[in-house]
Amino acid sequence: MADVALIGVALLGTCLGAFVALMPGLHVYSIAAFALALSGQNLIPLANESLAMFLLGMVTGWAVVNAIPAVFLFAPDDASAMTVMPSTKLMMRGRGAEAAILIGAGSLAACVALVALAPVLDELIRPLRAIISPHLGWMLTAIIVFLLLGEWPRGNERLPTPARRLASAWAYLGAGLLTFLLSGLMGFVLMYRSPIPPEAAYQNLLPAFVGLFSLPGLIQVLAFGSAIPKQDSRATPSLSANLLARGALTGVAGGLFAGIMPVISGGVGGLLAGHATAQRDDRLFLISQGASKVAYYVGGLLLLFVPGAGLVRGGMAWMLSSGYMPYGWRIYLLAISGVALCGALAFVLLMAFSRGAAAIANKTNPRIAAALALVMALAITMAFTGLPGLAVAAVATLVGLIPVLVGGRRMNCLGVLLLPITLNVIGVGPDVARALGLV
């Protein structure tokens with residue numbers, strides 16, 4: 001296929017990815033797996049280079065536009081769970097579109113950074129991996145401890161006795177620890193004895209992520225939602241070059257670190273980088289989270305195209321590499337061009353969609369919107385994983401509701417991946433699974 005046609009295929013993938021990003025609970029990996037299956041059966045005219053460029057465009061469109069359900073529907077995915085509180089503050093001031101555009105600005109800046117880093121990406125990543133690989137066990141353990149210690153006591157100082165104030169503080173802390181532990185136990189079940197049918201095994205984590213991250217926020221809006229303040233659909237953030245550069249560089253550093261480390265998502269990587277650079281500004285935080293997500297998802301796939309490296313990092317790269325490995329400078333340069341053009345298109349779509357979402361929010365009862373989104377998320381789960389998937393999503397929702405109702409971090413729900421994989425890395429995972437009766 002001609003080079004110009006391949007860029008066109010990537011832009012088409014961007015449009016599809018942007019549309020998928022608007023569906024709460026639907027992850028881009030689910031659609032990518034479906035596209036790979038259709039390609040393998042010659043049911044779509046995409047294979048090898050064209051399929052690779054299509055998936056690159058799709059993950060770029062999804063990573064940029066995915067900010068919208070996190071902001072307007074309180075339905076983040078695993079990588080954007082940290083953006084809910086800062087974006088909610090802006091939405092409650094009528095500036096939801098501004099919050100989405102801030103996240104998108106970070107995403108676009110990350111695309112620019114990836115293009116700029118492309119000539120030295122292999123030289124940058126390879127030595128870091130060599131340094132980190134022997135220390136994965138204790139580093140993952142330290143990250144878990146850091147995330148749990150972040151649940152600082154938030155007791156009610158107005159309570160009359162010290163005992164009640166202590167109990168109030170530990171209720172918040174206990175909720176965070178319980179969320180992490182229960183989601184981690186669910187991760188062990190899905191890893192060692194999953195109820196998901198074998199034909200849907202490639203979607204094994206879909207119902208868990210829908211239940212842990214998407215459904216709790218929708219249920220919260222459905223049960224307690226009231227009319228939100230009037231949204232300014234034409235709002236544009238006031239951004240200085242310094243603020244954008246600081247947020248983007250922080251997010252790219254966190255996202256690439258997450259791409260090197262197993263299990264760590266772009267959201268966690270961005271959080272760690274934000275703490276390392278002492279971020280205090282909500283706008284800076286939202287920009288860095290958008291940049292981190294793109295660096296994690298798009299950067300991970302871009303590493304697969306690096307000539308002579310063949311680094312397989314991230315779910316999209318693993319799926320693509322099972323049938324095709326990009327080779328040579330031509331396809332790498334096309335991929336770099338694709339990231340630049342697809343990132344620009346995705347940002348334009350994000351601006352249009354965010355303003356449209358703000359206008360719709362002014363005319364729609366939030367409970368009706370949440371109900372429709374909840375039905376959509378359940379339908380997606382049923383379509384991909386059947387009744388067993390719905391059962392997993394139901395259990396996961398009970399766990400995901402703990403931080404929503406108590407006020408802890410949703411990031412603790414990432415215990416579904418962090419706990420079983422960290423224990424496997426340090427060598428005790430199988431023993432824990434046996435103790436739980438899973439093997």
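## Rings around W62 and Y297

Student: Is W62 buried or exposed in this model?
Tutor: W62 has a relative accessible area of 1%. Keep in mind that this is a predicted model. Anything under 20% counts as buried, so W62 is buried.

Student: How many aromatic pairs does the structure hold?
Tutor: Let's count ring pairs whose centres lie within 6.5 Å. For the whole structure, the number of aromatic pairs is 6.

Student: What kind of pair do the rings of Y29 and Y297 make?
Tutor: Their centres are 5.8 Å apart, and their planes sit at 70 degrees. Planes over 60 degrees apart get their own label, so this pair is edge-to-face.

Student: How many residues apart are Y29 and Y297?
Tutor: Y29 belongs to helix 2 (residues 28-40), while Y297 is in helix 13 (residues 282-305). The pair links distant parts of the chain, and the separation is 268 residues.

Student: Is Y297 buried or exposed?
Tutor: Its partner Y29 is partly exposed, at 22% relative accessibility. Y297 has a relative accessible area of 4%. That is under the 20% cut-off, so Y297 is buried.

Student: And what kind of pair do W62 and Y297 form?
Tutor: Here the centres are 5.1 Å apart and the planes are at 80 degrees. That angle is over 60 degrees, so the pair is edge-to-face.

Student: How many residues apart in sequence are the parts that W62 and Y297 tie together?
Tutor: W62 lies in helix 3 (residues 49-65) and Y297 in helix 13. So the pair ties together parts whose separation in sequence is 235 residues.

Student: Which residue lies over the face of W62?
Tutor: W62 is in a cluster with Y29, Y296 and Y297, linked by ring pairs. Over its face, at 5.3 Å from the ring centre, lies K293.

Key:
Residues are numbered from 1 along each chain as its sequence is written. This is a predicted model: local features need pLDDT of at least 70, side-chain atom pairs count only at pLDDT 80 or more; totals for chains, interfaces and linings use all residues. Side-chain values use heavy atoms; hydrogens and water are left out. Rings of Phe, Tyr and Trp (its six-membered ring) pair if their centres lie within 6.5 Å; planes under 30 degrees apart count as stacked, over 60 as edge-to-face and the rest as tilted. Helices (H or I, at least four residues) and strands (E, at least two) are DSSP runs, numbered from the N terminus. Buried means under 20% relative accessible area, exposed over 50%, partly exposed in between (1.4 Å probe, protein chains only). A charge sits over a ring if NZ of Lys or CZ of Arg is within 6 Å of the ring centre and within 35 degrees of the ring normal.
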